[in-house]
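Student: Please take me through a close look at the surroundings of the ligand, and then show me how the sheet is put together.

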Amino acid sequence: MRPRWFTLGPMPAADTQERALVMGILNVTPDSFSDGGSWFEADRAVARGLELIAEGADVVDVGGESTRPGAAEVPVEEELRRVLPVVEALSPHVRVSIDTTKEAVAEAAVLAGATLVNDVSATLWPVAARCGVGWVAMHRQGTPTTMQDDPRYVDVVAEVRDLLVDRAAQAAGAGVGEIWIDPGIGFGKTVDHNLELLAGLDALVATGYPVLVGTSRKGFLGALAAGADRVPAPASDRLPGSLATATYALAHGAGMVRVHDVAATVQAARLVGRPSAVTRTAGSMLDTEV
Ligand code: HH2
């Protein structure tokens, strides 16, 4: 028999205290690998951000430069032009993170209302310290231009963990009060490296820093979903793998997952990660279905 809490009805809006966090992706770019071009104009991006909030996003991650393999660098003025109006419009409604590797963009976004710097270069902790905001340190090997050429590790889990712990310690020493670590799925990693990192997530969780994981619609999921023709599934067909890996990460102690498909992931987050809390929350609801 299913446990009572398995059948989920509408949940109280404040259920985030009872579950891990869901970060919704909002790429204000023409070239992101999954949603590139969809939210490139500021008003469309803001509308999408409000949708993500309605779906239950705890954080909306605004980015103005694609980090997909081979992506071109965006000049700082252009990145600012893309992200600032969106950050400003959304930050009264939700916690906004700024996905950037540029100090000037991070700083301006914080002035516009962002309270978390999502840093795929794991170098921007001085900005977070100066501005008094949170910081995400993500691991990557190489830069977007070359990172997928021939990534190599002796022990991918240990190397990723050690670099992140080193950067996090530096950030803590500089006075950053909120530090997340992120294995950087897909950033200078083969399909096997990504799978090893997921299998070894416990090692990151054991560091004591809260862990953020971003697998959503990424290439390794397309490769794993390929049919007999071995053609990778397109990004639009990667929801099953995205949800499975986000659920796996939550069940293994991730404190936040970064996703495109917020509503589906929020449902998963209510089920796994903190089951005793879910039992407490949903157990009091009337279970009217089998
Ligand atoms: N992945 C992407 C971008 N930012 N930040 C964190 N912390 N972790 C991630 O795994 C991560 C990230 C890449 O995904 P996306 O933003 O969807 O695509 P693009 O870089 O093409 O804009």
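**The ligand and the sheet**

Tutor: Happy to! A polar side-chain atom of His-260 lies 3.2 Å from an oxygen atom of the ligand, a polar contact here being a pair of N or O atoms within 3.5 Å. This is a predicted model, where local features need pLDDT of at least 70 and side-chain atom pairs pLDDT 80 or more, while totals for chains, interfaces and linings use all residues. Residues are numbered from 1 along each chain as its sequence is written, and side-chain values use heavy atoms, without hydrogens or water.

Arg-258 also places a polar side-chain atom 2.8 Å from a ligand oxygen, while for Asp-182 the partner is a ligand nitrogen, at 2.7 Å. The protein buries 98% of the 480 Å² that the ligand exposes when taken alone (Shrake-Rupley, 1.4 Å probe). Around the ligand there are 18 residues, of which Ser-32, Thr-67, Asn-118, Asp-182 and Lys-218 come nearest; "around" requires a heavy atom within 4 Å.

Now the sheet. It is open, with eight strands in parallel pairing, ordered β6-β5-β4-β3-β2-β1-β8-β7. At its edges, β6 (179–182) and β7 (212–213) each pair on one side only. Strands (E, at least two residues) and helices (H or I, at least four) are DSSP runs numbered from the N terminus, and pairing takes at least two bridges. Parallel strands β1 (21–27) and β2 (59–63) are joined by five bridges, with Ile-25 opposite Asp-61 in β2.

Terms used: A polar contact is a pair of N or O atoms within 3.5 Å; within protein, one must be able to donate a hydrogen and the other to accept it, and residues adjacent in sequence count only if both atoms are side-chain atoms.
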